[in-house]
Structures are given as C-alpha cells and as structure tokens.
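User: I'm new to this structure and would like to know what backs up the words people use for it. Please show it to me, and then I'll start asking.

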Amino acid sequence: MKLTADQRAFLGEKHFAVLGTVNASGSPHLTIMWYLLDGDEIVFNTKAGRTKESNLARDRRVSLLVYDDGGYKYMRIDGRVTAITDPEIAHRDIARLAVRYSGEEKAKAAIARFEREERISYRVPTTRVYDYRD
C-alpha cells in the first residue's frame with residue numbers, strides 16, 4: 001500500500017504515536033513514542049532493556065497509532081518491525097527524533113544523555129495503514 005500525499009503530510013507533522021506490543025503473558029503493552037516517517041517506513045527508537053525491547057525480540061508484531069491531539073483523527077499502522085542494533089544508526093536516529101520533537105537547541109541536552117545509553121532503532125513498513133481521519 002502506497003501512502004497518499006495527504007497521509008505523508010499527516011505523518012510528517014509532529015504528532016505522538018502509541019506503540020502496541022505483546023507482553024509474554026499475551027496482554028498488550030502500550031507506550032507513547034516519538035516517531036518519524038523515513039521513506040515508506042516509520043522509525044522509532046528505545047533504550048535497551050525496556051519492556052518494548054524484550055517484547056519485540058520475542059514477537060515483532062506492532063500496532064502504531066498516530067493521532068491528532070485536537071480530536072479523534074488518527075492513523076494506525078500494523079506490521080512487523082526490523083530492529084537496528086548498530087549503535088551509530090540507533091544514535092543517529094534518536095538524535096533525529098530529539099530534534100524533530102524538541103528543536104535543535106533543546107535537543108542538545110537529550111542527545112548528550114542518549115549518547116551514553118545503548119539504543120535500538122526499529123523500522124515498520126507502511127504497508128498496512130488504516131486511516132481514520134475522515
């Protein structure tokens with residue numbers, strides 16, 4: 001499924017996403033995430049050792065809900081993630097996310113902190129998109 005120009009524009013705006021993964025018990029695990037659209041993939045990043053990392057190592061299925069703060073308009077992207085454990089790529093991605101959400105100047109302190117952490121990036125193809133913005 002190709003994203004429309006309107007969907008790309010929406011995903012390119014600074015919204016938060018809710019990431020759904022599956023806990024070992026089978027129950028859902030939800031977290032609010034920074035994300036960015038990179039080509040035809042959604043990129044997000046986490047600190048190693050968090051619940052989402054262990055969930056995604058066991059089960060790569062995710063549901064990512066990107067919502068408009070002003071109402072009930074949202075897009076849901078379902079798929080299977082690819083993990084990127086290369087430290088250079090993961091740190092570059094978290095820096096891009098920090099700048100996207102905080103701006104260049106405010107992101108500097110966060111990036112300095114993130115550089116001391118083991119980070120993992122994830123990529124989700126935008127092949128299953130459900131658009132609820134009408």
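**Strands, rings and helices**

Analyst: Let's start with a pair of residues: Thr-82 stands opposite Arg-123 in E8. Keep in mind that this is a predicted model, where local features need pLDDT of at least 70, side-chain atom pairs count only at pLDDT 80 or more, and totals for chains, interfaces and linings use all residues. Residues are numbered from 1 along each chain as its sequence is written, and side-chain values use heavy atoms, with hydrogens and water left out.

User: How many bridges join E7 to E8, and what makes that a pairing?

Analyst: There are 3 bridges between E7 and E8, and the two run antiparallel. Strands pair if DSSP finds at least two bridges between them, so E7 and E8 qualify. As for the names, helices (H or I, at least four residues) and strands (E, at least two) are DSSP runs, numbered from the N terminus.

User: Which strands form the open sheet with E7 and E8, and in what order?

Analyst: It's a sheet of 4 strands in the order E3-E4-E8-E7, with antiparallel pairing. Strand E3 (36-38) and strand E7 (82-84) are its edge strands, as each pairs on one side only. On average, neighbouring strands here are turned by 35° against each other, direction ignored. For such angles, axes are lines fitted to C-alpha atoms (for helices over the stretch in contact), and angles run from 0 to 180 degrees between N-to-C directions.

User: How many bridges join E4 to E8?

Analyst: E4 and E8 are joined by 7 bridges and run antiparallel. Arg-123 turns up again here, as the bridge partner of Val-43. On its E3 side, E4 pairs over 3 bridges, also in the antiparallel sense, with Asp-38 standing opposite Glu-41. E3 and E4 form a hairpin with 2 residues between them, and Gly-39 in the turn has a positive phi of about 65°.

User: Why is the pair of Phe-44 and Tyr-122 called stacked?

Analyst: The structure holds 5 aromatic pairs, this one included. The ring centres of Phe-44 and Tyr-122 are 5.2 Å apart and the planes are at 20°, so the pair is stacked. The rule is that rings of Phe, Tyr and Trp (its six-membered ring) pair if their centres lie within 6.5 Å; planes under 30 degrees apart count as stacked, over 60 as edge-to-face and the rest as tilted. Phe-44 lies in strand E4 (residues 41-47) and Tyr-122 in strand E8 (residues 119-125), so the two tie together parts that are 78 residues apart in sequence.

User: How do you know whether Phe-44 is buried or exposed?

Analyst: Its relative accessible area is 0%, and buried means under 20% (exposed is over 50%, partly exposed in between, with a 1.4 Å probe and protein chains only), so Phe-44 is buried. Tyr-122 is buried too, at 3%. E4 as a whole is mostly covered, with 5 of its 7 residues buried. Arg-92, in helix H3 (residues 87-102), has 44% relative accessibility and counts as partly exposed.

User: What sits over the ring of Phe-114?

Analyst: The charged end of Arg-119, 4.7 Å from the ring centre. A charge sits over a ring if NZ of Lys or CZ of Arg is within 6 Å of the ring centre and within 35 degrees of the ring normal. Arg-100 does likewise over Tyr-35, at 4.9 Å. Phe-114 also belongs to a cluster that ring pairs build with Phe-16, Trp-34 and Tyr-101.

User: Which strands stand at the edges of the sheet E2-E1-E5-E6-E9?

Analyst: This open sheet has 5 strands and antiparallel pairing. Strand E2 (28-33) and strand E9 (128-132) each have a single partner strand, so one side of each is left without a neighbour in the sheet. The twist averages 20° from one strand to the next. Helix H1 (residues 5-12) lies across strand E5 (61-67), E6 and E9, running at about 90° to E6; contact here means heavy atoms within 4.5 Å.

User: What makes the protein chain as compact as a globular protein of that length?

Analyst: The protein chain has 4 helices and 9 strands. Its radius of gyration is 15 Å, close to the 14 Å that the globule rule gives for 134 residues, so the description fits. That radius is taken over C-alpha atoms, and the rule is 2.2 Å times the number of residues to the power 0.38.
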